[in-house]
Structure formats: structure tokens, C-alpha cells
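Hi everyone, thanks for coming. I'd like to walk you through one structure today, so let me put it up on the screen.

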Amino acid sequence: MSDLPLKLTAPLEQNHNSTPTKLNHHEIKQTVIWWLIVTSLFFLLASLLPKHFPFLNGQAGDKGIPLIIEDWDMAVYWREANWWRQGIKPYYGSFFTFKDNSWQVFIPPVEYPQLALTYFTIPSFFANNFETYRWLMFTSNALCLLSLLLGTRLLLKINQQNQRRILWLIILPSFIFFTFNRYDILPTTITIWSLIFLLNKYYKLSFFTLTLAILTKVYPILLLPLYLLVAKNNQQKLSPLITITALTLFIPLISCATWTGIIPTLGPYLAHIFREPTVGSPLRALYHLGFYYPWVTNLIFLLIQLAIPLVIIYGLISKKRWVVNTNGIIILFNLIILLFILFNKFYSPQWILWFLPTIITVVPNYYLGNIIIPYDLLNYLLWPLLGSFKIYIYKTLPYNSLTLIRTSLLVIMVGYLIYLTCKFNLLKFNPSIYENHNSDSNLQRG
């Protein structure tokens with residue numbers, strides 16, 4: 001196999017008859033048993049080790065350094081999941097208030113979309129205390145990871161990559177830490193399965209699952225233009241797919257708005273618009289350097305984030321035909337997500353979950369070893385290890401230097417995917433070499 005991802009060295013349009021490999025029952029059973037063993041070992045290790053590794057001098061944080069288990073976000077999930085116990089409606093509170101002759105913005109108490117809050121709430125019905133709730137959430141996240149592993153394995157087989165790459169998803173410390181301590185594993189899993197359905201031409205199911213992902217996290221909405229382009233390339237009517245997306249999205253939102261109010265319902269989506277730049281984002285660096293002009297800088301970064309979706313939207317409404325092959329679908333999938341992360345106003349270390357399962361299916365081994373793995377290790381070092389110092393560490397030169405290195409690795413990832421897109425013409429405008437757009441090799445249903 002060529003060292004280039006997805007065998008990009010061969011003319012992509014020549015192989016019309018290959019079909020994506022599917023998992024059989026034996027493979028699924030084997031994967032389930034393998035993961036149950038790994039999960040059991042993890043829970044055993046987590047129960048034997050102390051929750052925190054205390055410092056010898058006892059000065060770091062309140063409890064020390066969390067290695068495997070962290071209560072930071074899980075405690076927030078527990079608090080928000082208990083709205084029904086408190087006899088209140090979800091998404092309570094006001095987003096805007098008029099004060100001092102101007103509108104003041106307040107982040108609502110709940111900043112999680114509707115399906116995410118549902119995911120938090122269900123385990124609370126079976127838990128009367130936080131400890132029980134936390135382990136139920138761990139179990140739920142483990143089930144999501146199992147589904148993610150099955151999906152990633154299928155993507156690896158579609159791309160004819162080494163199946164052992166899936167081991168990185170349970171070896172890399174940052175990925176496994178945030179899998180169990182954050183809920184981002186849920187939107188990641190749903191989004192990846194929507195991609196698998198798309199590659200296998202199950203368009204209605206693909207758009208339905210993508211919309212479910214949007215109801216758990218906002219970022220998958222940026223993938224919608226790419227999905228529409230793929231459907232259009234394969235001579236699908238877009239109106240039914242748009243209808244499915246709209247109904248799946250707006251029925252829960254309208255139902256929630258009828259119950260709790262329009263502004264509280266939209267609060268999870270509006271909250272991030274008004275967030276200030278946080279540590280770890282390039283905007284924060286510009287802020288410290290004195291080059292941050294709120295509206296202008298935010299607009300420029302937003303346009304960069306939306307660059308690929310806007311280009312694809314132009315292709316959708318253009319009379320000329322745009323074509324993206326299977327290689328381009330997966331690479332542009334990653335590129336859209338990475339641009340969103342890189343040029344965001346804030347940075348969350350758990351966002352590594354969004355792209356790691358798909359990017360390991362398209363990059364060569366040397367890239368995996370020199371960029372992806374160091375990025376994960378550095379991400380884990382910055383949080384939770386050094387992050388246990390809270391505000392003290394954020395002001396130090398070593399911490400900010402490490403943050404800059406992590407951002408540089410992210411820039412390299414984006415640059416490499418742009419290089420692949422340009423070199424191999426993964427997104428073509430009115431190409432003449434494609435005589436049959438509907439025969440894209442890896443998009444044939446098995």
C-alpha cells in the first residue's frame with residue numbers, strides 16, 4: 001500500500017466496481033467481547049486507584065491531579081440533570097436582561113442542546129447520589145465508545161487501512177480520559193455513523209443521524225453542506241433530505257420552546273456566540289498581544305471557520321457541477337471540523353474526540369506518529385495534569401508555551417489536509433474527467 005492515505009496515488013475514477021467492506025456478525029461479536037474485556041479492566045483499575053494523585057506538599061489544587069476520573073464537568077451534568085427533582089423546567093433562566101440602558105448578556109444555566117440534556121437526565125432517574133450517577137454516565141459513555149469503535153473499524157476497512165489503528169482510541173490518554181469524563185463521545189459517535197451511512201448511500205438515515213448530532217453539539221451543522229453536495233453528486237433529490245433534517249431539528253426545538261420558552265430553548269446555541277476568548281484559542285493569544293478587536297477579529301475568524309461550507313454552498317447553488325469523491329468526503333469532513341476548532345473563540349481539550357477517530361483513517365503512519373500522538377499527549381498534559389493548578393498555571397510562560405505548541409500541531413493538521421485537497425483535486429468544479437458521477441468507487445452500496 002502506498003504511504004499516501006486512501007491510495008490517492010491511483011486515478012480515483014478508474015475503480016468503479018469496488019464496494020465498501022461491511023462488518024459481519026462474527027466481527028461484531030469479536031469486537032464486543034474485546035471491548036468488554038478492556039472496559040472491565042478500565043473500571044477495575046479506576047476502582048483500585050485513588051481518584052486523585054496527591055502532591056507530596058499538598059499544595060496543588062483542592063484534591064491533587066486527576067488521572068482517570070474527574071468530577072469537573074460530570075458534576076455539572078448531575079446538577080442540570082436534576083431539574084425534574086427540583087420541580088423546575090429545563091433551560092430555566094434569562095439570556096438577556098436590560099440594565100443600565102443597554103442589553104446585558106448572561107449565559108443561561110444550561111448551555112447544552114436538547115438531546116445532550118436528555119442524555120444527562122436519563123441516568124439521573126436511576127441514581128439518588130452523585131457517585132452512582134457518575135458510574136452510570138461512565139457506562140453510557142463506554143457504550144458510546146463501543147459503537148464508535150465499531151464505526152471506526154468499518155471506516156478503516158472502507159479506506160483499506162490497518163485495523164490495528166483502532167487501538168489508538170483506547171491507548172492515547174487524552175482521548176480515553178475525555179471519553180469517560182465528558183459527553184462529547186455522544187455527538188462524535190452519532191456523527192461518525194452518519195458519515196458511514198453517507199458513504200454507503202443511505203442518505204435519509206445519514207441526514208437523520210447528522211441532525212441528531214446537531215441536537216447534542218452545534219459543530220456537526222457545518223457538515224451539512226458537504227452531505228448535501230455528496231447527495232447531489234449522486235443524483236439525489238435534496239428536498240426530501242432537507243425536509244428530514246428540518247423536521248428532526250425543529251420538532252424537538254419547537255416542543256421545548258412551547259414548554260420552556262423560545263429564549264431558554266435557544267440559549268444553548270446563543271450562549272457560545274457571546275463567550276469571550278478562552279485560554280488555548282488563537283483569539284486569546286491575539287487578545288494578550290493587543291491585536292484583538294472584538295467584532296472585526298471575530299468576523300474574520302468566523303469566515304475562516306465557514307470557508308469550506310460556504311464554498312460548498314456556492315457549489316450547490318451554482319449551475320455548474322461540483323464533484324467530491326469518497327477520499328474528499330472523509331478529508332473534507334476532518335478539515336471542516338479542524339478549521340472550526342482552530343479558529344474558535346474558545347478551546348476545549350475534549351474536542352480531540354471530534355476528529356481523532358476519523359483522521360486516523362486517512363493519514364499515513366509517519367503523520368500519525370509525529371503529529372496526532374504528540375497532540376494527544378500534549379492535550380492530556382495541559383488538561384487534566386497541569387490544569388489541576390487552575391488559574392495559577394494559566395498565567396505561566398511554560399503553560400502558554402505548551403499551548404502554543406499544541407496549536408501549532410493543529411495548524412499542521414489543517415495544512416496537511418488542505419495540501420491533500422489541492423494536490424489530488426478532492427473537490428472539483430465542473431470536472432471533465434468524470435463521465436459518470438454516480439459511479440464513485442467507494443460510494444457503491446454493498
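Let's begin on the surface, with a nonpolar patch whose largest share, 4 residues, comes from H14. Before I go further, please keep in mind that this is a predicted model. The patch is formed by Leu299, Leu302, Leu303, Leu310, Ile313, Tyr314 and Ile317, and together these residues have about 680 Å² of accessible area. Two elements give two or more residues to the patch: helix H13, residues 294-305, and helix H14, residues 307-317. Tyr314 is the one I'd pick out here, and it lies in helix H14. Is Tyr314 buried, exposed or partly exposed? Its relative accessibility is 48%, so it counts as partly exposed; the cut-off for exposed is over 50%.

Now let's go inside. Helix H2 covers residues 72-81, and its buried residues are Asp73, Met74, Tyr77, Trp78, Glu80 and Ala81. If you like thinking about helix periodicity, here is the general point: an α-helix has 3.6 residues a turn, so residues three or four places apart point the same way. And what covers the buried residues of H2? The cover includes helix H3 (114-124), helix H4 (130-158) and helix H6 (173-181).

Two of those helices come back when we turn to the aromatic rings. The count comes to 25 aromatic pairs, and I'll show you a couple of them. In the pair of Phe138 and Phe180, the ring centres are 6.2 Å apart and the planes sit at 85°, so this one is edge-to-face. Phe138 belongs to helix H4 and Phe180 to helix H6, so the pair ties together parts that are 42 residues apart in sequence. Both Phe138 and Phe180 are buried.

The next pair is Phe177 with Tyr380. Their ring centres are 6.0 Å apart and their planes are at 70°, so this pair is edge-to-face as well. How many residues apart in sequence are the parts that this pair ties together? The number is 203, because Phe177 lies in helix H6 and Tyr380 in helix H17, residues 365-385. Phe177 and Tyr380 are both buried. There is also an aromatic cluster, made up of Tyr219, Phe340, Phe346, Tyr347, Trp351 and Trp354.

Since we've just met H17, let's look at its backbone. Pro384 is found in helix H17, and a cis peptide bond joins Trp383 and Pro384, with omega at about 20°.

Staying with backbone angles, here are two residues other than glycine with positive phi. For Lys201, phi is near 65°. This lysine lies in the loop between helix H7 (185-199) and helix H8 (203-214). Gln235 has phi near 60°, and its place is the loop between helix H9 (224-233) and helix H10 (238-260). Which of these is buried and which is exposed? Lys201 is buried, with a relative accessible area of 16%, whereas Gln235 is exposed, at 58%.

Last stop, the cysteines. How many disulfides does the structure hold? The count is 0. I'll mention two cysteines by name. Cys144 is buried, with a relative accessible area of 10%, while Cys422 is exposed, with a relative accessible area of 53%.

That's my tour. Thanks for listening, and I'm happy to go back to any part of it.

How values were computed: Residues numbered from 1 in each chain as written. Predicted model: local features only at pLDDT ≥ 70, side-chain atom pairs only at ≥ 80, totals over all residues. Heavy atoms only, no water. Patch = residues over 30% accessible without salt bridge, like charges linked within 9 Å, V, L, I, M, F, W, Y side chains within 5 Å. Areas by Shrake-Rupley, 256 points an atom, 1.4 Å probe, with all protein chains shown as cover. Salt bridge = Lys/Arg side-chain N within 4 Å of Asp/Glu carboxyl O. Buried < 20%, exposed > 50% of the residue type's maximum accessible area, 1.4 Å probe, protein only. Contact = heavy atoms within 4.5 Å. Disulfide = S-S within 2.5 Å. Phe/Tyr/Trp six-rings, centres within 6.5 Å; stacked < 30°, edge-to-face > 60°.
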